[in-house]
Amino acid sequence: MKVTNSQLITKELVKYPVATLYEAAGQVGDMSPDIRPVFTNSIIAGVAYTVKIFPSDTLGVIKAIDKAPVGSVIVIDAGGSSRSAVWGGTSSLASNVKGLKGCVTNGCVRDIEEIKQIGFPVYCKGISPRGTQKNHPGWLEKTISIGGVSVATGDFIIADQDGVLVINSANVDTVIKNANTQRINELKRDDRVRSGEKLTDILGIKI
């Protein structure tokens, strides 16, 4: 199977913690902290495929799963609704089988135990058992807003236990370069802490 440039970029990004990438990106692109993983130790790394839907209608999500390229992260703007679930176990299973890499939404999710068993990474605003209608096709591949951050199809999505980061596709090479330097400096700092230096001296803080 041919490896795409996006896959190579994703392999580089996933080497770094989200916090390191956030610093490397110029301290921008982090989603609101109320968008959290549904199970611990889940990591997302892939290319955004966006969908905007009416609250409580997930036909657009089903279409997005079918149309998104392998390696995509489904990013759903559900209008921030905290009632009905816009993602669940069957969505996770279908996405996992297809080779998608995760789901991020400002809506709710259900079938949490199924999602855990499948091992498909999902980050969401909340959990609700309520289902949805499937009438409106939604809008695919549009620039949307999730967690206070603009997301376009083709942007890179990286998520770990610290949260979700969006990296603009036009800036990703610079972010990777900066991340390497940032991580080296972080590890050097921690080595100095282990050697017994004061944190105020390491950080150049005068007290």
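# From a loop to the core

Asn41 sits in the loop that runs between strand 1 and strand 2. Start there, and keep in mind that this is a predicted model. Is Asn41 buried or exposed? Asn41 counts as exposed, because its relative accessibility is 66% and the cut-off for exposed is over 50%. Its backbone also deserves a look. Asn41 has a positive phi of about 65°, although Asn41 is not a glycine. Most residues other than glycine have a negative phi.

Gln27 makes a good partner for Asn41. Gln27 is not a glycine, yet Gln27 has a positive phi of about 60°. Where does Gln27 lie? Look in the loop between helix 2 (18–24) and strand 1 (36–37). Gln27 has a relative accessibility of 46%, so it counts as partly exposed.

Now step back to the whole protein. How many helices and strands are there? The protein has 7 helices and 13 strands. Its C-alpha atoms fill a box of roughly 60 × 40 × 30 Å, taken along the principal axes. A compact globule of 207 residues would have a radius of gyration near 17 Å, and the protein has 18 Å, so the two agree.

The chain brings distant parts of its sequence together. Take the contacts between residues at least 6 apart in sequence: 73% of them join residues at least 24 apart. Next, consider the surface and the inside. Of the 207 residues, 44% are buried. The accessible surface comes to about 10,700 Å². Carbon and sulfur atoms account for 51% of that surface. As for charge, there are 24 positive and 20 negative side chains. The centres of these two sets lie 2 Å apart.

What is found inside? In soluble globular proteins, nonpolar side chains tend to be buried together. Here the largest nonpolar core has 23 residues. Which of them touch the most other members? They are Val38, Ile74, Ile76, Trp87, Val109 and Val122. Several elements give two or more residues to this core: strand 2 (44–52), helix 3 (59–67), strand 3 (72–77), strand 4 (85–87), helix 5 (112–118) and strand 7 (122–124). Helix 3 gives the most, with 3 residues.

Zoom in on Val122, one of those core residues. Set aside residues up to four places away in sequence. Val122 then touches Arg36, Pro37, Val38, Trp87, Ser92, Cys103, Val109 and Ile115. Val38, Trp87 and Val109 were named above among the core members with the most partners.

Ser92 leads on to Ile118, which is found in helix 5. Ile118 and Ser92 are 26 residues apart in sequence, but their C-alpha atoms are 7.3 Å apart in space. Beyond its neighbours up to four places away in sequence, Ile118 touches Gly89, Ser92, Leu93 and Asn96. Why is Ile118 classed as partly exposed? Its relative accessibility is 24%, so it counts as partly exposed; buried would require a value under 20%.

Move on to strand 13 (residues 163–167), where Val164 lies. Val164 is buried, because its relative accessible area is 3%. Which residues does Val164 meet, apart from neighbours within four places in sequence? The list is Gly29, Asp30, Met31, Ile35, Val104, Tyr123, Ile157, Ile158 and Ala159. Val164 and Pro33 are 131 residues apart in sequence, yet 8.2 Å apart in space, C-alpha to C-alpha.

Follow the contact from Val164 to Ala159. Ala159 belongs to strand 12 (residues 156–160). With a relative accessible area of 1%, Ala159 is buried. Not counting residues up to four places away, Ala159 touches Val18, Ser42, Ile43, Ile44, Tyr123 and Val164. The C-alpha atoms of Ala159 and Tyr16 are separated by 10 Å, though the two are 143 residues apart along the chain.

Finish at helix 1 (residues 5–13), home of Thr10. Is Thr10 buried or exposed? Thr10 is buried, with a relative accessible area of 13%. Outside its neighbours within four places in sequence, Thr10 is in contact with Ala45, Gly46 and Phe156. Thr10 and Val166 are 156 residues apart along the chain, and 12 Å separates their C-alpha atoms.

How values were computed: Residues numbered from 1 in each chain as written. Predicted model: local features only at pLDDT ≥ 70, side-chain atom pairs only at ≥ 80, totals over all residues. Heavy atoms only, no water. Helix = DSSP H or I, 4+ residues; strand = E, 2+ residues; numbered from the N terminus. Rg over C-alpha atoms; globule rule 2.2 N^0.38 Å. Buried < 20%, exposed > 50% of the residue type's maximum accessible area, 1.4 Å probe, protein only. Contact = heavy atoms within 4.5 Å. Areas by Shrake-Rupley, 256 points an atom, 1.4 Å probe, with all protein chains shown as cover. Lys, Arg positive; Asp, Glu negative; His and termini not counted. Charge placed at Lys NZ, Arg CZ, Asp CG, Glu CD. Core = buried A, V, L, I, M, F, W, Y, C linked by side-chain atoms within 4.5 Å.
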